[in-house]
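Me: Please take a close look at one part of this model for someone who has not seen it before, and then follow the threads that lead out from it. I would like one connected account, with each term explained where it comes up.

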Amino acid sequence: MYKKYFPACDINGPIEPPVSFMHLGIQGAVPIKCSNCSKLFEGGCTRHIKMVGDYLYLDHGPCGIDGPSDPVIYENAFIQSKVTVPRKCSDCRFLSVAPIWGFECNQDADKWGDFKRGLDWGAWKPDFIYLQLPQPKITTRILSQAVFENDLLTFIREHRRVNLGLSIQEAKADFTILRKKIANDF
C-alpha cells in the first residue's frame, strides 16, 4: 500500500553509506541523507505527518531491479487481505511482510538491519494522498479522494457512512480541516 510512501521525499542527498541507527533496541541503519535530517524520528520519516497522520518510509532510493512500478493488487494464500504493491514487487523474492510496517523489501537486509527499505514505487505517483482524521474517526480512500477533488457532497456521504452517528456539520468541519491541511502542504 502506498499510504506510507507519499508525499515522496523531496530532499536530495546520498543514500550510501548506511548510517548505524538504534531505537528501543531495534538495530539497523538508515540512509545517510536521512541520518542528518530533522524529519528522522524513531526510524521513520515525519515529512507531512500533520497531513497523513503517520510516519512515512525513509527514502532508500531505487532498488535496482527493473520493472514497472504502477500499483497492482497483491494476494497470496497467507495474506488475508488484498494489498497494493508496485507491479515489479508483486513477484519479487525480496518482498516480505513485517508485523508493524507491513510490506517491505528484504533486498540488502544485512545492510539495513531492522530498518528495511520500503518498496520501490519508482517514478509512479498517486492521484491523491491518503489523509487521516483524528482517532477514533475512520478515514477511507473515498474521503481522501473527495478532499483532493474538493467534492464536499461525496465527502459528507462517505463520512456519515463510515463514522456512524456523526452529524453533517461535523463532516463539513472535518472536510474544511483536511482541505486546509492540503492547502498548507501543497
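Reply: A residue is called buried when its relative accessible area is under 20%, exposed when it is over 50%, and partly exposed in between (1.4 Å probe, protein chains only). The model is predicted, so local features need pLDDT of at least 70 and side-chain atom pairs count only at pLDDT 80 or more, while totals for chains, interfaces and linings use all residues. Residues are numbered from 1 along each chain as its sequence is written, and side-chain values use heavy atoms, with hydrogens and water left out.

The part to begin with is Gly28, which lies in strand E2, residues 26-30 (strands, E, have at least two residues and helices, H or I, at least four; both are DSSP runs numbered from the N terminus). Gly28 counts as buried because its relative accessible area is 19%. Once its neighbours within four places in sequence are set aside, Gly28 is in contact (heavy atoms within 4.5 Å) with Val19, Ser20 and Phe21, and also with Trp112, Gly113, Asp114 and Phe115. Tyr57 stands 29 residues from Gly28 along the chain, and the C-alpha atoms of the two are separated by 14 Å.

Two of the residues that touch Gly28, Asp114 and Phe115, lead on to the empty spaces in the model. These spaces are found on a 1 Å grid over the protein atoms alone: a cavity is a set of points where a 1.4 Å probe fits but cannot get out, a pocket is an open set with protein on both sides within 12 Å along at least five of seven lines, and lining residues have an atom within 4 Å of a point. Grid points are joined across faces, edges and corners, and a volume is the space filled by probe spheres set on them.

The second largest pocket, with a volume of about 320 Å³, is lined by 13 residues, and those nearest its centre are Ile26, Ile100, Trp101, Asp114 and Phe115. Its lining divides into seven nonpolar, two polar and four charged residues (nonpolar: Ala, Val, Leu, Ile, Met, Phe, Trp, Tyr, Cys and Pro; charged: Asp, Glu, Lys and Arg; polar: the others, Gly among them).

Trp101, Asp114 and Phe115 also help to line the largest cavity, together with Gly43, Tyr57, Leu58, His60, Glu104 and Lys116. That cavity has a volume of about 70 Å³, and its lining is made up of four nonpolar, two polar and three charged residues. Three cavities of 30 Å³ or more are present in the structure. The second largest of them has a volume of about 60 Å³, and Glu104 is part of its lining along with Cys63, Ile65, Lys88, Cys89, Cys92, Phe94, Leu95, Cys105 and Leu119. Here the residues divide into eight nonpolar, no polar and two charged.

Leu119 carries the thread on to the largest pocket, whose volume is about 370 Å³. Of the 20 residues that line this pocket, the closest to its centre are Ala8, Asp59, Leu119, Trp121 and Gly122, and by class the lining holds eleven nonpolar, four polar and five charged residues. Trp121 and Gly122 also turn up among the residues that touch Ser69, a list that further holds Pro86, Arg87, Asp120, Ala123 and Trp124 when neighbours within four places in sequence are left aside. Ser69 itself sits in the loop between helix H2 (49-52) and strand E5 (71-74), and with a relative accessible area of 12% it is buried.

Some backbone details deserve a careful look as well. The bond joining Glu16 and Pro17 is a cis peptide bond with omega of about 5°, and Pro17 belongs to the segment before strand E1 (19-23). A cis bond also runs from Gln135 to Pro136, where omega is near 10°, and Pro136 is in the loop between H3 and H4. Lys137 is found in this loop too, between helix H3 (109-112) and helix H4 (141-148), and counts as buried at 16% relative accessibility.

Glu42, in the loop between strand E3 (40-41) and strand E4 (44-45), has a positive phi of about 55° although it is not a glycine, and it is partly exposed at 35%. Asn150, in the loop between H4 and helix H5 (152-162), likewise takes a positive phi of about 55° without being a glycine, and its relative accessible area of 47% makes it partly exposed.
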